[in-house]
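Dear colleague,

I am handing over the structure below, and I would ask you to look through it before reading my notes. What I found is set out after it.

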Amino acid sequence: MPITFQQLQCMRQVVDSGFSVSRAADSLHTTQPGVSKMVRALEKEIGVELFVRSGNRLTALTEPGKEALSLCARVLQDAQALKRLKQDLPADSEGTLRVGTTHIHARYSLIEVTRQFLSVYPQVKLEFTVGPPSQILAGVTAGTIDIGLCTLPDPMPKGVVSVKAYDIDRCLIVPPRHPLLKMGKLTMEQIARWPLITYDSSYTSGSVVQGEFRRHGITPWVVMRAMDASIIKAYVAAGVGVAVLQKMAFNAALDRDLRSIQVDHLFPSSSAMISLRRDHLLKKFAFDFIRMVAPEWSREAIEAKRVA
């Protein structure tokens, strides 16, 4: 007997119902024996037990069951995409584009891209998810995010392909008249003498900066960890500490209560990467959005990467 979408929906509903067969049956508008029968049929077809059992009760997923649930969600999502395909095809300039990114890109590098994109595609609903790279890549993997823009965590999720969008350089920001402004080319030791405000280590910028201090055998005096550049800048301006920040987040004309010091010789650049699921169906406007972010990446070049 072949695997059916009904069996996959049944498995997902049992898990979503806290392994309660009765609640799953109510949600699926069927009977408890019907749910149990579909679960057994799915296990028989796959050839492994998907659920841990205590008597007649389902209590958890087995290890193969966890992998099967992930594949099940992917199949059901792709099935929904296929159902929408007919209605989407005639209107390639309409729909929803879901972009996942971190605060720094949403706040500084994507504003002009968003204006340009919506002027070309006014009928497209552009949705942003802002969070740490691990969350963005998880969304790309699950198919809840169409395009991810962030630095990449390690290891990379399976089934995701990434291409470079642009480099991210860093600077040191300090309040006006700070002693470090008079010291010329700085060393790590000189910076470490001052309280440091840094990104949370779940963000690449935080882990890169702290990693460079460790590489030099230095433990910086971290007084605060934050999750976005505006908070970091506000606390540096208030005299709480100094911070290594992405250059794109500093504007001398706007950030008049801050000063920037070059530290390219101390902290390496990172790469902002565009990430896509290899098998995710994307419309033309998604590829146009990518090209507005990184002009060198045409649809053909992206597709070649996805099938490589």
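**Cavities and a helix pair**

The lining of the largest cavity is made up, by class, of 6 nonpolar, 7 polar and 1 charged residues. Please keep in mind, as you read this and what follows, that the model is a predicted one.

That cavity encloses about 120 Å³ of space, and among the 14 residues that line it, those closest to its centre are Thr102, Ile104, Tyr203, Ser205 and Gln246. Two elements give two or more residues each to this lining, namely helix H5 (103-109) and helix H9 (204-215), and of the elements that contribute, H5 gives the most, with 3 residues.

How many cavities of 30 Å³ or more does the structure hold? There are 2 of them, and the second largest has about 40 Å³ of space in it. Its lining consists of Val161, Ser162, Val163, Ile274, Leu276, Ile302 and Lys305, which by class come to 5 nonpolar, 1 polar and 1 charged residues. At least two of the lining residues are supplied by each of strand E6 (160-168), strand E12 (270-277) and helix H12 (299-307), with E6 giving the most, at 3 residues.

The other matter I would point out to you is a pair of helices. In general, two packed helices are described by the angle between their axes together with the distance between those axes. For helix H1 (residues 5-16) and helix H2 (residues 21-28), the axes come within 8 Å and cross at roughly 130°. An angle that is neither under 35 degrees, nor over 145, nor from 65 to 115 counts as oblique, and H1 and H2 are therefore oblique to each other. The handedness of this crossing of H1 and H2 is right-handed.

Which residues make the contact between H1 and H2? On the side of H1 they are Gln9, Cys10, Gln13 and Val14, and on the side of H2 they are Ala24, Ser27 and Leu28. Sorted by class, the residues of this contact of H1 with H2 divide into 4 nonpolar and 3 polar, with no charged residue among them.

If you go through the model yourself, you might begin with the lining of the largest cavity, around Thr102, Ile104, Tyr203, Ser205 and Gln246, and then turn to the place where H1 and H2 cross.

With best wishes

Conventions:
Residues are numbered from 1 along each chain as its sequence is written. This is a predicted model: local features need pLDDT of at least 70, side-chain atom pairs count only at pLDDT 80 or more; totals for chains, interfaces and linings use all residues. Side-chain values use heavy atoms; hydrogens and water are left out. Axes are lines fitted to C-alpha atoms, for helices over the stretch in contact, and angles run from 0 to 180 degrees between N-to-C directions. Helices (H or I, at least four residues) and strands (E, at least two) are DSSP runs, numbered from the N terminus. A crossing is left-handed if the near helix is turned anticlockwise from the far one by less than a right angle, and right-handed if clockwise. Contact means heavy atoms within 4.5 Å. Ala, Val, Leu, Ile, Met, Phe, Trp, Tyr, Cys and Pro count as nonpolar, Asp, Glu, Lys and Arg as charged, and the others, Gly among them, as polar. On a 1 Å grid over the protein atoms alone, a cavity is a set of points where a 1.4 Å probe fits but cannot get out, and a pocket is an open set with protein on both sides within 12 Å along at least five of seven lines; lining residues have an atom within 4 Å of a point. Grid points are joined across faces, edges and corners, and a volume is the space filled by probe spheres set on the points.
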